[in-house]
Every structure is written in C-alpha cells, then in structure tokens.
Amino acid sequence: MTVAYALTLSVTALAAKIVQEEVAVAALVFWQSLVCLCFLLPQQKGHWERHSVTVWKVHFLRSVGGFSAFVFYYYALNHIPLVEASLLRTCAPLCVPFVVLFMHKVNIPARRWLPLIIGFFGVVLIIQPTPKDVNYWHIVGFLSAIGLAFSMVATRALSKSVRSEETMAVYFAVSAFLSLILVWIQGASLSVPMHLLGWVAVVSITLYLGMYLYTRAYTYAPASIVSPISYIGVVFSGVWGWLIWGYIPNFLAFIGMGCIFISILYSARLSR
C-alpha cells in the first residue's frame, strides 16, 4: 500500500505540473479540494461529532499546513524539475522535530541530531546554493515540507479523537475556501480549458486515492516501516521527469538524495 501510495502521488504531481501550464495554482488546488470533499462527505454522514475549541484549532492548523504544503509544492513544480520538488517535499519528516519543538516545546533528543544534519546536508546538495546563484524556487519547495510537517504533527494529534475521514473532510473544505480567497487576491480564473479537464480529474482522483492508501498503510504498519518505503515516490517522480522532460539530476543531486534517504531511514529506525 505504501508503494502504491507513492506511485499514485507521483502521478498527481505529474498531472499537476502539466495542468499548471495553463491553470493557476490556486484554481487547481480549489478543484482538487472540491472533488475530494465530494468523495468524503458521504463517508462522514452521521459521524460528525461536537468537539472542543482546542480540537478545532488543531483541525485548522492541520488544514492550513496541508494547504500551504500543496500551494508551495505546486508553485515549485512550475520552476524546478519534478524530482527535485518531490524530493524537497519528502523532507517533511526532517522538519517534524522542529515543528514539535515550536508547538509543544519538546526538545530534540541528542540522538536525533545526526540524522537531521545528514538530511539537511542532502537538501543543500540538492539546492546547490552559491554566493552568486540561489534558485529561490528550491526554497519554496522546501517550504512545502515545512507545511506538510505541521500537517503531520496535527494529524497525529487529531488521530486520538477524530475519524480520519473527518480530518480529511475538514482539511479539503478549508483548503477549498482558502484557495478561493487566493484566486480572488490574484485575480485569477477558476475556469479550466476543456482539453485539461481530464488531467484535473487525474489530479483529484489520484490525490484522494493516494491519501486513502497512505491512511491504510499507517493502519497496518508503523511509521518506521512506512516512512522509508514512501521515499520511493521520489524515484517514480524521477522516472516521469526523465521520460517526459528528459531531466536527469547531476552527481551532487544524487548524493543529496542518498543523504536524505539515509537520514529518513535512520530517523525511522530511531522511532521504533
């Protein structure tokens, strides 16, 4: 299920990169959120419960984190190769300890620093900044990892008292609302050209399917197994980028990918 989830979301990213050549990022986020919400609302019928203000605050944090993760990710896809944007987003587990430190004032254990240093060294090798040349879209791609990390921490907190269907339904509802505001601010259009309707449907359906598989994978196996396996999604993205755009990362980028993978594998083992 984890491999299927990684493959499915790589297709989501591929379709999104194609759609965004003519459709605004905010408009794409709106349509994918609306379609996924239509799938989830029937499943949540009769299961809505009253929650405390604290739970709704966590709901909102999870939703804003997930929304910002997709917006930054999609913007990065427009300006950097698919495999690099996907890789930077995959760094979310590296950001989780810092999010926990920020949200709950829980210090990062000493044994966690080695994999974090290795992982962020890998990020630097991907971005390859120089005094005269910094691709700021790589930083935007990394911001998607930070947003996703907030989403992961909040989802974990909600899982103790809220159905996963409710969590996703609230997220997609908030995401649709925020994307509408973003469309209005940018003066963009919600219209989608006829020849891209199929691709928008692919984005929406694969996103919903990917989230379903992701949830089921974590139901059957611990994060120490799921997290490293899900990294194979970067490989799938690399294959799409090579087949369609002919892009092959340079040597330093490959070393950076290896560092990030080792870091996530090491962190997942510590999580056992």
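**Exercise 1.** Which residues does Glu84 touch, not counting residues up to four places away in sequence?

*Solution.* Before starting, a word on the ground rules. You're working with a predicted model, where local features need pLDDT (the predictor's confidence in each residue, from 0 to 100) of at least 70 and side-chain atom pairs count only at pLDDT 80 or more, while totals for chains, interfaces and linings use all residues. Residues are numbered from 1 along each chain as its sequence is written, and side-chain values use heavy atoms, with hydrogens and water left out.

Step 1: take contact as heavy atoms within 4.5 Å. Step 2: skip residues up to four places away in sequence, and Glu84 touches Ile126, His138 and Tyr247. Step 3: look at the side chains, where Glu84 makes a polar contact with Tyr247 at 2.4 Å. That term covers a pair of N or O atoms within 3.5 Å; within protein, one must be able to donate a hydrogen and the other to accept it, and residues adjacent in sequence count only if both atoms are side-chain atoms.

**Exercise 2.** Work out the surroundings of Glu84 and its charge pairing.

*Solution.* Step 1: place Glu84 in helix 4, residues 82-89. Helices here are DSSP runs of H or I with at least four residues, numbered from the N terminus. Step 2: check the cover. Eight of the eight residues of helix 4 are buried, among them Glu84 and Arg89. Buried means under 20% relative accessible area, exposed over 50%, and partly exposed in between, using a 1.4 Å probe and protein chains only.

Step 3: look for a partner. Side chains of opposite charge can pair when their charged atoms come close. A salt bridge needs a side-chain nitrogen of Lys or Arg within 4 Å of a carboxyl oxygen of Asp or Glu. Glu84 has none, and the nearest side chain of opposite charge, Lys17, is 9.7 Å away. For charge, Lys and Arg count as positive and Asp and Glu as negative; His and the chain ends are not counted.

**Exercise 3.** How many salt bridges does the count come to?

*Solution.* Step 1: the count comes to one. Step 2: name the pair, Arg163 and Glu165, whose side chains meet at 3.5 Å, N to O. Step 3: Arg163 counts as partly exposed because its relative accessibility is 29%.

**Exercise 4.** Compare two residues of helix 8, Gln186 and Thr167.

*Solution.* Step 1: Gln186 lies in helix 8, residues 164-186, and Thr167 is found in helix 8 too. Step 2: Gln186 is partly exposed because its relative accessible area is 39%, whereas Thr167, at 6%, counts as buried. Step 3: leaving aside neighbours within four places in sequence, Gln186 is in contact with Ala26 and Tyr75. Ala26 is 160 residues away in sequence, yet the C-alpha atoms are 8.8 Å apart. With Tyr75, the side chains make a polar contact at 2.6 Å. Step 4: with residues up to four places away not counted, Thr167 touches His59, Arg62, Leu158 and Val162.

**Exercise 5.** Which members of the largest nonpolar core touch the most other members?

*Solution.* Step 1: define the core as a set of buried Ala, Val, Leu, Ile, Met, Phe, Trp, Tyr and Cys residues joined through side-chain atoms within 4.5 Å. Step 2: out of 60 residues, Tyr74, Leu77, Phe172 and Ile260 come out on top. Step 3: helix 3 (residues 53-77) gives the most to this core, with eight residues.
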